[in-house]
Structures are given as structure tokens and as C-alpha cells.
Amino acid sequence: MRTIALALAISTLSFAALASDFPQTFEHRYGTTVIERRPENVVSLSFSGHDDLLALGVTPVALRYWYGDFPRGVWPWADDKLGDAEPVVLKGELDIEAIAALQPDVIVGLWSGMTQDQYDILSQIAPTVAAEADYTDYGTPWHVRARTLGRVVGAAEKAEELVSAIEGQMADIAAANPSWQGKTAAVAFHWSDAPGAYSSIDIRPLVLAELGFTTPDAINAAAAEANGYSARFSKEDLSALDTDLLIWIVTGDVDNIRSLALRKSLKAHQEGREVVANDLLSGAFSHATLLSLPYVLEELVPLIEAAIDGDPSTVVSSTKEAGLLD
């Protein structure tokens with residue numbers, strides 16, 4: 001037994017050493033990038049990648065603003081990781097000159113929507129890692145993003161440790177709720193005067209899939225005809241949202257959801273199977289990072305349990321707080 005244990009220990013140490021060694025080579029949709037040495041100045045162009053970098057102990061010199069009224073560009077679950085740091089917050093279209101002025105050692109653009117032309121220019125400034133060819137612009141699973149960034153900054157073993165902890169938590173939740181397996185779930189929204197939902201390749205349904213839920217074919221088919229990761233529906237036909245679990249992603253008030261007259265005809269509403277993710281929970285769910293997912297699991301799982309416990313009289317607290325029970 002001691003020999004086996006020693007061999008496993010040596011194997012683990014060897015993997016950790018190799019995972020953090022440089023050079024590191026990355027294959028992505030625009031080619032191959034080689035990072036020769038551990039970077040110090042990291043520019044993060046991903047709309048959520050700074051979370052994972054901070055979780056790995058790396059503070060980027062610049063990060064990409066997504067949304068939210070947070071002056072340093074990070075949400076509450078990540079703010080304390082910044083300490084006294086004040087990274088440059090990049091807003092709107094990529095400012096190539098501003099990025100070049102930061103003299104980055106590496107530029108990471110997973111989950112950034114980076115184009116080929118942008119990559120070609122950025123890669124002349126510093127080694128640039130774009131999204132993998134296997135995924136859409138915003139479809140890279142959370143654990144793939146985290147592990148890739150771990151390799152980029154020489155913290156692969158730390159990334160693996162954090163990913164494994166979250167995956168273990170998800171597996172425990174799924175095992176404790178076997179009735180969730182195969183149930184349908186819609187992650188819905190109502191923006192720009194139209195309701196909609198995310199497809200199974202979007203990061204939010206991907207997280208739910210790890211808990212056992214599936215995205216209906218009707219949502220996936222509609223999304224495939226649009227941008228791939230989301231679909232819009234007519235206010236006069238909300239049938240695609242009538243799932244075993246209906247989660248509303250909100251930003252601000254819920255008046256637009258309340259205004260959907262046919263929402264009350266959905267069985268998901270009538271049987272109390274709606275969950276409202278408030279601003280903070282919606283943000284954490286949408287980021288789906290090493291720092292936000294623990295908060296998502298802590299807050300969202302009890303709401304799901306209440307929504308699909310088989311008893312329509314069970315009140316889902318977030319739906320009640322949002323005023324959507326009537």
C-alpha cells in the first residue's frame with residue numbers, strides 16, 4: 001500500500017509541476033499561442049474571466065467591464081480579492097492602444113467575443129489566447145475556462161483544486177436530489193420588450209445540466225435559428241417556457257415579467273415552479289466563475305428545492321419577494 005501511495009504522490013507532483021511549467025501551448029479558434037514564461041502583466045478581455053484570475057491569486061492589470069454598478073468592474077463576490085488594486089476597467093469596444101500601453105505579458109480573451117481581426121492585432125502586442133474552436137463565443141463551459149486560465153498563469157494545480165471542489169459540490173447536490181434528473185428547465189428573461197430563454201449551450205443551462213436538468217428541444221431549436229445561445233418568443237406563445245422548472249433572470253424590476261398576460265396560463269406558474277433570480281443571483285449565475293458559483297449553489301439550490309418539491313402550496317421565497325405569485 002505504501003508503494004502505491006508513494007507512486008500516486010509522485011504522479012500527482014509530476015502533473016502539478018508539468019501543469020505549471022512553461023512554455024505552455026494553447027490551441028484555439030484562431031490558431032496556436034505559446035506562452036514562454038509565467039506572465040506578470042495579464043490583460044483579461046473576457047467579460048467574466050477576471051473572477052477566475054482573482055480566484056487563482058492573479059490580479060489582472062486590466063479587466064473587461066460587463067454590466068452592473070460596480071466602479072472597479074467586479075461584482076461583490078470578487079471585490080475583496082482585488083484588495084487595494086485598481087486595474088484598468090475596459091469598457092465598450094476594445095481599445096487596442098490602451099491595451100498596448102499596459103505592456104501586457106499575455107492577453108486572455110476567452111468569453112470575450114474576440115474577432116479574427118482583433119486577435120491578429122492583439123497577438124502583435126503580446127501572446128493572446130482566444131476561445132477554443134469547440135465552443136461559441138460565450139459557450140465555453142466554466143470549468144474549461146478556469147482550467148485554461150490556470151495554465152495561462154502557471155496555476156493549473158490551483159485551478160484544478162477549485163474546479164474539483166465545485167464539481168464535487170454539484171455532484172453532491174445532484175445525488176441528494178435524484179428526482180431532478182431529466183427534468184426540464186428554462187432559464188428565461190424578458191428584455192427589449194420580448195421574452196426569451198437560453199439554449200443548452202449557454203453557461204446558465206450548462207450549470208443546471210450538472211445538477212440533472214435538461215433544456216427543452218423547443219428552446220434549442222428556436223435558438224439555433226437565432227444566435228445559437230438564446231431565443232426570443234412571442235408574448236402570445238410562451239409554451240416553450242412551460243417547463244418543470246422556470247427560472248427568471250432579472251436585471252432591475254420585474255414589471256416586464258409581470259406584464260406577460262399569458263404567463264399565468266403556464267403550469268409552471270400555476271403550480272409554483274417559478275424561481276426569480278434577483279439582480280445579484282442573476283449576475284452570479286451569468287458569470288459562472290470560480291468565485292460566483294459557490295454563491296449560486298448556496299442561493300439557488302434552496303429555491304429550486306422549494307419550486308419542484310411536488311407541492312404547489314410551497315412558496316418560493318424569491319418569487320414572492322418579486323411579487324410574481326399572483
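Where does Asp-193 lie? Asp-193 lies in the loop between β8 and β9. This loop appears in the first of the close-up views below, which are drawn from a predicted model.

**Figure 1. The loop between β8 and β9 holds Ser-192 and Asp-193.**
Neither residue is a glycine, yet phi is positive at both: about 50° at Ser-192 and about 65° at Asp-193. Ser-192 has 67% relative accessibility and therefore counts as exposed. Asp-193 is also exposed, at 58%. The side chain of Asp-193 forms a salt bridge with Lys-235, and the closest N and O atoms are 2.7 Å apart. Lys-235 belongs to the loop between β10 (230-232) and β11 (245-249), so this bridge links distant parts of the chain, 42 residues apart. Lys-235 is partly exposed, with a relative accessible area of 29%.

**Figure 2. Phe-189 and Trp-191 form a stacked ring pair.**
The two ring centres are 4.8 Å apart and the planes meet at 20°, so the pair counts as stacked. Phe-189 is buried, with a relative accessible area of 1%, whereas Trp-191 is partly exposed at 28%.

**Figure 3. Phe-47 and Tyr-138 form a tilted aromatic pair.**
The whole structure contains 13 aromatic pairs. In the one shown here, the centres are 6.2 Å apart and the planes are at 50°. Phe-47 sits in the loop between β3 (42-44) and α2 (49-55), and Tyr-138 in the loop between β7 and α6 (142-152), so the pair ties together parts that are 91 residues apart in sequence. Phe-47 counts as buried at 15% relative accessibility, while Tyr-138 is partly exposed at 23%. Both rings belong to a cluster linked by ring pairs, whose other members are Trp-66, Tyr-67, Phe-70, Trp-75, Trp-77, Trp-111 and Tyr-229.

**Figure 4. Two arginines lie over aromatic rings, Arg-145 over Trp-111 and Arg-151 over Phe-26.**
Arg-145 is placed over the face of Trp-111, at 5.1 Å from the ring centre. Trp-111 is one of the residues in the cluster of Figure 3. Arg-151 is placed over the face of Phe-26, at 4.1 Å from the ring centre.

**Figure 5. Helix α5 (residues 116-125) has buried residues along one face.**
Gln-118, Tyr-119 and Leu-122 are the buried residues of α5. Seen down the helix axis, they fall within an arc of 95°, so they line one face. The face turned away from this buried side carries the exposed residues Asp-117 and Gln-124. Among the elements covering the buried residues are β1 (24-28), β2 (31-35), α4 (96-101), β6 (106-108) and β7 (128-129).

**Figure 6. The peptide bond from Phe-22 to Pro-23 is cis.**
Its omega is near 10°. Pro-23 is found in the loop between α1 (2-20) and β1.

**Figure 7. Helix α8 (residues 203-210) has five named buried residues, among them Leu-208.**
The others are Ile-203, Arg-204, Pro-205 and Val-207. Gly-212 follows α8 and has a positive phi, near 115°. Beyond its neighbours within four places in sequence, Leu-208 contacts Ala-185, Val-187, Phe-213, Ile-247, Phe-285, Leu-300 and Ile-304.

**Figure 8. The largest nonpolar core has 63 residues.**
Leu-208 is one of the residues with the most contacts inside this core, along with Trp-142, Phe-213, Leu-245 and Leu-300. Helix α13 (residues 293-307) supplies the largest share, nine residues. A second, separate core of 21 residues includes Ala-231, Ala-240, Ile-257 and Leu-260. In soluble globular proteins, nonpolar side chains tend to be buried together.

**Figure 9. Salt bridges join Glu-167 to Arg-147 and Arg-273 to Glu-271.**
The whole structure contains 10 salt bridges. In the bridge between Glu-167 and Arg-147, the closest N and O atoms are 3.5 Å apart. Glu-167 lies in helix α7 (residues 156-176) and Arg-147 in helix α6, so the pair ties together parts that are 20 residues apart in sequence. Glu-167 is partly exposed at 26%, and Arg-147 is partly exposed at 27%. The N to O distance between Arg-273 and Glu-271 is 2.9 Å. Here Arg-273 is buried, with a relative accessible area of 13%, whereas Glu-271 counts as partly exposed at 36%. Shared partners join Arg-147, Glu-160 and Glu-167 into one network of salt bridges.

Definitions and conventions. Residues numbered from 1 in each chain as written. Predicted model: local features only at pLDDT ≥ 70, side-chain atom pairs only at ≥ 80, totals over all residues. Heavy atoms only, no water. Buried < 20%, exposed > 50% of the residue type's maximum accessible area, 1.4 Å probe, protein only. Helix = DSSP H or I, 4+ residues; strand = E, 2+ residues; numbered from the N terminus. Arc of directions from axis to C-beta. Contact = heavy atoms within 4.5 Å. Phe/Tyr/Trp six-rings, centres within 6.5 Å; stacked < 30°, edge-to-face > 60°. Lys NZ or Arg CZ within 6 Å of the ring centre and 35° of its normal. Core = buried A, V, L, I, M, F, W, Y, C linked by side-chain atoms within 4.5 Å. Salt bridge = Lys/Arg side-chain N within 4 Å of Asp/Glu carboxyl O.
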